[in-house]
Every structure is written in structure tokens, then in C-alpha cells.
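User: I should be grateful for a close look at a single part of this structure. Please take one residue as the starting point and then connect it to the rest of the chain.

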Amino acid sequence: MEKKSIQNITVNKKARHDYFIDETMEAGIELFGTEVKSLRQGAVNLKDSYISLRTGEAFVKGMHISPYEQGNIFNKDPLRDRKLLLHRREINRLIGIVKQQGVSIIPLSLYFKGSIVKMEIGVARGKKLYDKRDDLAKREAKRNMDRALKERNH
């Protein structure tokens with residue numbers, strides 16, 4: 001079996017800043033042709049999107065895919081709900097996790113796996129303000145240490 005190349009389209013940076021990601025999984029996404037062409041141009045925004053589970057199906061809400069310029073009448077609503085392609089047992093497991101622990105399911109990234117569009121979704125718990133400040137301080141300290149080591153070696 002040959003390994004398919006993975007080409008990133010976009011990453012939801014805000015997700016890792018605002019949430020603790022407990023678990024991730026890969027899901028397919030149901031798209032129209034003009035949406036895929038728009039994704040190839042990188043015209044997508046995941047910032048305020050989330051995953052909704054209803055009647056045994058998963059949908060992405062709030063994901064904005066800009067209309068394709070040459071798409072004319074074939075373009076769909078940029079903010080429409082898009083169905084995620086997951087196995088029944090995966091959806092049931094996610095429903096159980098959300099009911100028990102009070103967590104959210106959010107999209108983390110969107111990428112091409114070969115010619116197929118995939119979405120990495122994460123089971124997320126919200127961070128408090130002090131958690132965000134703590135992460136920022138750790139990142140700043142690491143940056144300062146790396147900078148000091150680099151200056152010392154040169």
C-alpha cells in the first residue's frame with residue numbers, strides 16, 4: 001500500500017489556544033466540486049467552527065469556504081452545514097463522550113490526503129484565562145532559552 005501525500009489546507013490555531021485537546025480523529029467531509037476547487041486555493045476559515053452531532057450524523061457548522069471565482073451558479077452557501085463522514089461507532093462514541101464529560105468537538109485542521117479532503121477533529125475542553133496565560137508564559141520562556149542557547153553557540 002502506497003502512502004498518500006498529505007497537503008495542509010488550513011489549521012485552526014485558535015482551537016489549540018482556547019482548548020485542551022484530549023483526543024483527535026480523522027474524518028472525511030462531504031463537499032461539492034466548487035468547494036474543493038476553492039479549498040485548493042486555500043480559501044477557507046475554521047476559526048469559529050464547531051461540530052454538531054444530531055440524529056446519528058456529524059455536521060461542521062460555521063466553516064466558511066469562499067465561493068469559487070469561476071463557479072457561478074454552482075457555488076453553494078459559504079457557511080452551509082457540511083456533513084462529516086464517520087463510521088457509526090465513531091459517531092456513537094463521540095455522542096457518549098459529549099454527554100458524559102461536557103466537552104466540545106471542534107475542527108483542528110483541514111488537509112488533502114491524496115486527492116481527498118480530510119478534517120482532523122478534536123475532543124476539546126475549554127481553557128480558563130489563567131491556563132492561556134500559563135501556556136503563553138511557557139512558550140515565551142522556551143523561546144528565550146532557545147535564543148540564549150543560539151547566541152551562546154555563535
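Analyst: Phe20 counts as partly exposed, because its relative accessibility is 29%, which lies between the limit of under 20% for buried residues and that of over 50% for exposed ones. This value, like the others that follow, is computed from a predicted model.

Phe20 belongs to strand E2, which covers residues 19-29. Apart from residues up to four places away in sequence, Phe20 touches Val123, Ala124, Arg125, Gly126, Lys127 and Asp131. Strand E9 spans residues 116-126, and Phe20 is in contact with Val123, Ala124, Arg125 and Gly126. Gly114 offers a contrasting case: 94 residues separate Phe20 from Gly114 in sequence, and the distance between their C-alpha atoms is 29 Å.

The setting of these elements is as follows. The chain contains four helices and nine strands, and their order along the sequence is β-α-β-α-β-β-β-β-β-α-β-β-α. The C-alpha trace extends over about 60 × 40 × 35 Å along its principal axes. Contacts that span long stretches of sequence can be expressed as a share: among contacts between residues at least 6 apart, 69% join residues at least 24 apart. Of the 154 residues in the chain, 35% count as buried.

The interior may be considered next. In soluble globular proteins, nonpolar side chains tend to be buried together. In this model, the largest nonpolar core comprises 26 residues, and those with the most contacts inside it are Leu39, Met63, Leu84, Leu110, Met119 and Ile121. Strand E2, the element that holds Phe20, supplies at least two residues of this core, as do strand E5 (57-61), helix H3 (88-101), strand E8 (104-113) and strand E9. The largest share, four residues, comes from E9. For Leu39, the contacts beyond four places in sequence are with Ile9, Leu31, Val44, Ile65, Leu110, Phe112 and Val117.

Leu39 also leads to an empty space within the structure, since the range of helix H2, residues 33-40, includes its position. A search of the whole structure finds one cavity of 30 Å³ or more, and the largest cavity holds about 50 Å³ of space. Its lining consists of 12 residues, with Glu35, Ile65, Ser66, Pro67 and Lys76 nearest the centre. Helix H2 provides the largest share of that lining, three residues. By character, the lining residues are four nonpolar, four polar and four charged.

Strand E5, named above as a contributor to the core, also contains Lys61. The side chain of Lys61 forms a polar contact with the side chain of Asp81, at 3.0 Å. Beyond its neighbours within four places in sequence, Lys61 is in contact with Asp48, Ser49, Tyr50, Ser52, Arg54 and Asp81. Tyr50 and Arg54, both among these partners, fall within the residue range of strand E4 (50-54).

The loop between E4 and E5 holds Thr55. Thr55 has a positive phi of about 45°, although it is not a glycine. With a relative accessibility of 73%, Thr55 counts as exposed, whereas Phe20, at 29%, counts as partly exposed.

Notes:
Residues are numbered from 1 along each chain as its sequence is written. This is a predicted model: local features need pLDDT of at least 70, side-chain atom pairs count only at pLDDT 80 or more; totals for chains, interfaces and linings use all residues. Side-chain values use heavy atoms; hydrogens and water are left out. Buried means under 20% relative accessible area, exposed over 50%, partly exposed in between (1.4 Å probe, protein chains only). Contact means heavy atoms within 4.5 Å. On a 1 Å grid over the protein atoms alone, a cavity is a set of points where a 1.4 Å probe fits but cannot get out, and a pocket is an open set with protein on both sides within 12 Å along at least five of seven lines; lining residues have an atom within 4 Å of a point. Grid points are joined across faces, edges and corners, and a volume is the space filled by probe spheres set on the points. Ala, Val, Leu, Ile, Met, Phe, Trp, Tyr, Cys and Pro count as nonpolar, Asp, Glu, Lys and Arg as charged, and the others, Gly among them, as polar. A nonpolar core is a set of buried Ala, Val, Leu, Ile, Met, Phe, Trp, Tyr and Cys residues joined through side-chain atoms within 4.5 Å. A polar contact is a pair of N or O atoms within 3.5 Å; within protein, one must be able to donate a hydrogen and the other to accept it, and residues adjacent in sequence count only if both atoms are side-chain atoms.
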